[in-house]
Amino acid sequence: MSLQDSRQFFLIYSSANETDYLLDFANIRAMTRRPPGVRKIRMFVVISELRPFGATDKHFIRSMEKLTAKCEWLDLEKVIYKGNVGRDFSSVLAGLKEVDKMARDEDEVMIRNRSAYGPFHDGWFLKYSRLLGSGNLVGLTGNTINLSGHPEGTYEENQNLAHVQTYLYLSKVGILRKLMDDFPGVEETERLDLINKGEIRLSQRIMDMGYAINCLK
């Protein structure tokens, strides 16, 4: 990455508080132990609140603060608690509203949830950033692409259902800004609707803007 590169890099990490946070803590600890390949990542953690905020939540926040305070490349900017409607998609929107206050269009934002384990290798942010920059019209990259919808879903014949799976993806802030007024999936509560109106629609809307999608695998 060029020394003249002035891009900022953001991370929105989404989870929910129905668990004891052990997996979330393991993921965030892994991010502090594996250099990402970029200078600095500004992180927002967004938690869907399935139970009242309590001692377990306070302990998790304190633990994250201690971890990231010792890390030279991962800054914990803010922890946000929100309702559960829209699940990860409303969490992404909550994080984007914070990123929007400090980012330029060319800056990049990675979005991941707790089911994206790791990282297990150094350069974990840079490899996605390079893939996003591999073509002028790449607008969304992720770990995997699914070419079909949900097995229980009903779709039109020959409908294009290709989509980046949303447990981990990367895009430019300027692209996601265009979606913020009507971000996919933020009002959904059912799993099938979250996939169809959230995960699939996110990729489809980005492709409708003229961008391509790609993935590592």
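**Entry 1: Tyr21.** I looked up the accessibility of Tyr21 in this predicted model. Its relative accessibility is 2%, so I recorded Tyr21 as buried, the cut-off being under 20%. I located Tyr21 in the loop between β1 and α1 (22–33). I then read its backbone: phi of Tyr21 is near 75°, which is positive although the residue is not glycine. I noted this because most residues other than glycine have a negative phi.

**Entry 2: Arg87.** I found a positive phi at Arg87 as well, near 45°, again in a residue other than glycine. Arg87 belongs to helix α3. Is Arg87 buried, exposed or partly exposed? I entered Arg87 as partly exposed, because its relative accessible area of 35% lies between the cut-offs of 20% and 50%.

**Entry 3: the peptide bond at Pro119.** I checked the bond between Gly118 and Pro119 and found a cis peptide, with omega at about 20°. Pro119 sits in the loop between β4 and α4. I marked the bond for the record because most peptide bonds are trans.

**Entry 4: a nonpolar patch.** I stayed with the loop between β4 and α4 (126–132), where Tyr117 is also found. Tyr117 has a relative accessibility of 55%, so I classed this residue as exposed, the threshold being over 50%. Which residues make a nonpolar surface patch with Tyr117? I listed Leu23 and Phe120 as its partners, and the patch covers about 350 Å².

**Entry 5: the largest nonpolar core.** I turned from the surface to the interior. The largest nonpolar core holds 28 residues, and the members that touch the most others are Leu96, Val109, Tyr169 and Phe183. I listed the elements that contribute two or more residues to this core: the strands β1 (9–16), β2 (41–48) and β4 (108–113), and the helices α3 (87–99), α5 (173–177) and α6 (191–208). Which element gives the most to this core? I found that α3 does, with six residues. As background, I wrote down that nonpolar side chains tend to be buried together in soluble globular proteins.

**Entry 6: a positive patch.** I searched the surface for grouped charges and found a positive patch formed by Lys58, Arg62, Lys66 and Lys70. I placed Lys70 in the loop between α2 (55–69) and β3 (74–82). Lys70 counts as exposed because its relative accessibility is 77%, and the cut-off is over 50%.

Methods: Residues are numbered from 1 along each chain as its sequence is written. This is a predicted model: local features need pLDDT of at least 70, side-chain atom pairs count only at pLDDT 80 or more; totals for chains, interfaces and linings use all residues. Side-chain values use heavy atoms; hydrogens and water are left out. Patches are made of residues with over 30% relative accessible area and no salt bridge: like charges are joined within 9 Å, nonpolar side chains (Val, Leu, Ile, Met, Phe, Trp, Tyr) within 5 Å. Accessible areas come from the Shrake-Rupley method with a 1.4 Å probe; for residues, only the protein chains shown count as cover. A salt bridge is a side-chain nitrogen of Lys or Arg within 4 Å of a carboxyl oxygen of Asp or Glu. Lys and Arg count as positive and Asp and Glu as negative; His and the chain ends are not counted. The place of a charge is taken as NZ of Lys, CZ of Arg, CG of Asp or CD of Glu. Helices (H or I, at least four residues) and strands (E, at least two) are DSSP runs, numbered from the N terminus. Buried means under 20% relative accessible area, exposed over 50%, partly exposed in between (1.4 Å probe, protein chains only). A nonpolar core is a set of buried Ala, Val, Leu, Ile, Met, Phe, Trp, Tyr and Cys residues joined through side-chain atoms within 4.5 Å.
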